[in-house]
Structure formats: C-alpha cells, structure tokens
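Biologist: I have not seen this structure before. Please take me through a few of its features.

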Amino acid sequence: MSLWLTEDELIELTGYKRQQRQKHALAAMAIPFRSRAADGFPLVLREAVGPVNAKPRRRELNWAAVQK
C-alpha cells in the first residue's frame with residue numbers, strides 16, 4: 001500500500017475530480033497536503049486522514065436485550 005492517497009481516494013475524500021477543487025476542499029478540512037511538481041496533483045499522506053490499517057469496529061449485540 002502506498003504512503004499517499006490515490007486519485008480515486010482523493011475523489012472519495014473531497015467529492016471533487018478537479019485538482020484545484022480538491023486542494024480547496026483539503027484546505028477547508030485542514031488536511032495537510034503538497035502539490036506534485038510535475039502535474040500539480042495534491043499529495044496527501046494516508047496518516048493525515050486516519051490510521052493506515054484501521055479495521056471498522058464491530059458492534060456487539062446485547063443478546064439478553066434481544067431475547068426479551
């Protein structure tokens with residue numbers, strides 16, 4: 001897995017496909033990023049948006065409450 005978010009992940013995070021709008025959205029969310037010199041693509045570290053290998057927490061059912 002890469003240290004940086006992919007293009008698809010950036011689209012999902014920001015809601016925008018255009019790089020300029022992604023940068024504005026990242027700035028508004030206070031997520032640190034830098035632009036790649038070659039094409040201006042916003043580089044966002046995975047650590048900046050959350051734990052790298054985070055698993056969703058499973059909710060335990062209270063079976064005693066369910067059976068009543």
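Modeller: A residue counts as exposed when its relative accessible area is over 50%, and as buried when the value is under 20%. Note that this is a predicted model.

Biologist: Is A30 buried or exposed?

Modeller: A30 lies in the loop between α2 (19–28) and β1 (34–35). Its phi is near 60°, a positive value in a residue other than glycine. The relative accessibility of A30 is 64%, and the cut-off is over 50%, so A30 counts as exposed.

Biologist: How are α1 and α2 oriented to each other?

Modeller: Two packed helices are described by the angle between their axes and the distance between the axes. Here the axes of α1 and α2 are 10 Å apart, and the angle is about 55°. An angle between 35 and 65 degrees falls outside the parallel and perpendicular classes, and α1 and α2 are therefore oblique.

Biologist: Which residue forms a salt bridge with R46?

Modeller: Side chains of opposite charge can pair when their charged atoms come close. R46 is in the loop between β2 (42–43) and α3 (63–67), and its partner, 37 residues apart, is in helix α1. The closest N and O atoms are 3.0 Å apart, and the partner of R46 is E9.

Biologist: Is R46 buried or exposed?

Modeller: Buried means under 20% relative accessible area. R46 has 12% relative accessibility, so R46 counts as buried.

Biologist: Which residues form a nonpolar patch on the surface?

Modeller: One member lies in helix α1 (residues 7–14) and is partly exposed, at 31% relative accessibility. Together the members have about 220 Å² of accessible area, and they are L13, M29 and V49.

Methods:
Residues are numbered from 1 along each chain as its sequence is written. This is a predicted model: local features need pLDDT of at least 70, side-chain atom pairs count only at pLDDT 80 or more; totals for chains, interfaces and linings use all residues. Side-chain values use heavy atoms; hydrogens and water are left out. Helices (H or I, at least four residues) and strands (E, at least two) are DSSP runs, numbered from the N terminus. Buried means under 20% relative accessible area, exposed over 50%, partly exposed in between (1.4 Å probe, protein chains only). Patches are made of residues with over 30% relative accessible area and no salt bridge: like charges are joined within 9 Å, nonpolar side chains (Val, Leu, Ile, Met, Phe, Trp, Tyr) within 5 Å. Accessible areas come from the Shrake-Rupley method with a 1.4 Å probe; for residues, only the protein chains shown count as cover. A salt bridge is a side-chain nitrogen of Lys or Arg within 4 Å of a carboxyl oxygen of Asp or Glu. Axes are lines fitted to C-alpha atoms, for helices over the stretch in contact, and angles run from 0 to 180 degrees between N-to-C directions. Angles under 35 degrees count as roughly parallel, over 145 as roughly antiparallel, 65 to 115 as roughly perpendicular and the rest as oblique.
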